[in-house]
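Dear colleague,

Please find the structure below. I would be grateful if you would keep it open while reading the notes that come after it.

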Amino acid sequence: MKKTLISIAAATLVFAGCNREVFNSEETGALELDLSCLSDLNETTTKASDDEDIINNLTVKLLRPYDGWEKTYAPFSTIRGKVIELSSGDYILTASSPDRSDAAFEQPIYDGSKNITIKTGEVTPAAVTCKVSNMKLSLILSENFYNELSDFTITVNNGKGLLTWEKNSTKTDFAPATLEGVKVYTVKKAGYFTVGTLTAQVSGHRAIDGTTAQSTSVISNTSAADHHILNVDAQVTGSLQGITITIDHSVNPVNTPVIVPGFDEIPVPGDPGTEEPGTEEPEPENPGTDPAPSTQPTMTWEANPSFAPMNINASLNADLVVTAPEKVASFKVQVDSPCLTETISSLTQDGTSTMDLINDEGLISFLADAAPTLPTGNDLKGQTNINFFLTSLVKLIDLYGSAPGNRHNFTLVVTDEKGQTLNQTVTFVSE
């Protein structure tokens, strides 16, 4: 992983010269501003001209909490090299990207903030580093996949927006490349998504017979600055046999194979049934002495067995049942909601929108009033069968006046005492 550090320092600010902006003539100090953008996503360094553009186009905002005074500079280039003279006191300085679409091509979103104190007669330096707050997604297609489908479309969405890449008789969004000596096809434009569960759909037609190929895969456990690389492959021996998608989180390394349903699966070396004759593992001599097999946690939703997105209305039933024969050790819920994410982040110990329902005492105290039927603490820890009444938490969304069509994702991550994990996302839609 290479990191691109884009640093543009404002000229030293002094109390003299024509580049001065004054907001209060009594007890003032000055601000010396240094902005930088740190990206963990780019594999190659961007051009210097691009670096300048990113910094120059950031939006800078100053907020004085004690009286609510605020000032916004958009873009940053309007105050580069200027003296910013301010009343003495405490401020919150933020810098952020102006373009903030939930899904867009080539649109990383940078955010950064810092608390500063302006002292009378002094120059206060403020260095703010902006980091990527959304996710990057790239596609790498094998040569077999690219050639064996006469046309195809790959669509990825995060519940708030979607992006589509395609190949057909008139266009292609992919270009040939070579990786480790192997010919592949990569996207001409990477996609960027705000953080949330991603759904990737592959659909097309086989070149050999024109039949339709279609499948869907879900990418959960996403985080800011993740770079998801979808490697789409097909092994072909006269006809299309299968497609495999692997997901590489370049910032938080994870390699997750996803077998796309709807095709014959590609044999994976080491999987049961794929061993060469004579290489099978020998049966244990005393099978009766093996420990009893573990049973992974499971979840059922009686009102919605297919776990399809459910509308939020008077008849909403989001009550789930979690079964963990090996006893619950950890129970967390990741919230991705236009209404609740910010509120939850302000309540959790780590400032994220992931609720630790066993260990986060401050959050648990809040939920006792806000969603009293939601089990927490000892009602979860060590339990084997849990009635998880999520309805009361979901109905809090109505208090925020959510816009129709807004999607709210709750990802339940349950880990038992043997380290086995259940990861399930449930989605609700505002009417």
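The notes below describe a helix, a loop residue and a hairpin.

This is a predicted model, in which local features need pLDDT of at least 70 and side-chain atom pairs count only at pLDDT 80 or more, while totals for chains, interfaces and linings use all residues. Residues are numbered from 1 along each chain as its sequence is written, and side-chain values use heavy atoms, with hydrogens and water left out.

Helices (H or I, at least four residues) and strands (E, at least two) are DSSP runs, numbered from the N terminus. Helix α4 spans residues 361-370, and its buried residues (under 20% relative accessible area, 1.4 Å probe, protein chains only) are Leu363, Ile364 and Leu367. These residues lie on the same side of α4 because they cover an arc of only 100° around the axis, taken from the directions from the helix axis to the C-beta atoms. Glu361 and Asp369, both exposed (over 50%), sit on the face turned away from that buried side. The buried residues of α4 pack against β26 (354-356) and α5 (391-394), where contact means heavy atoms within 4.5 Å.

Thr348 belongs to the loop between α3 (341-345) and β26. Thr348 counts as buried because its relative accessibility is 8%. Leaving aside residues up to four places away in sequence, Thr348 touches Thr354, Met355, Asp360 and Leu363.

Strands β14 (residues 174-179) and β15 (residues 182-187) run antiparallel and are joined by six bridges; pairing requires at least two bridges found by DSSP. They form a hairpin with two residues between them, and Glu180 in the turn has a positive phi of about 50°.

Yours sincerely
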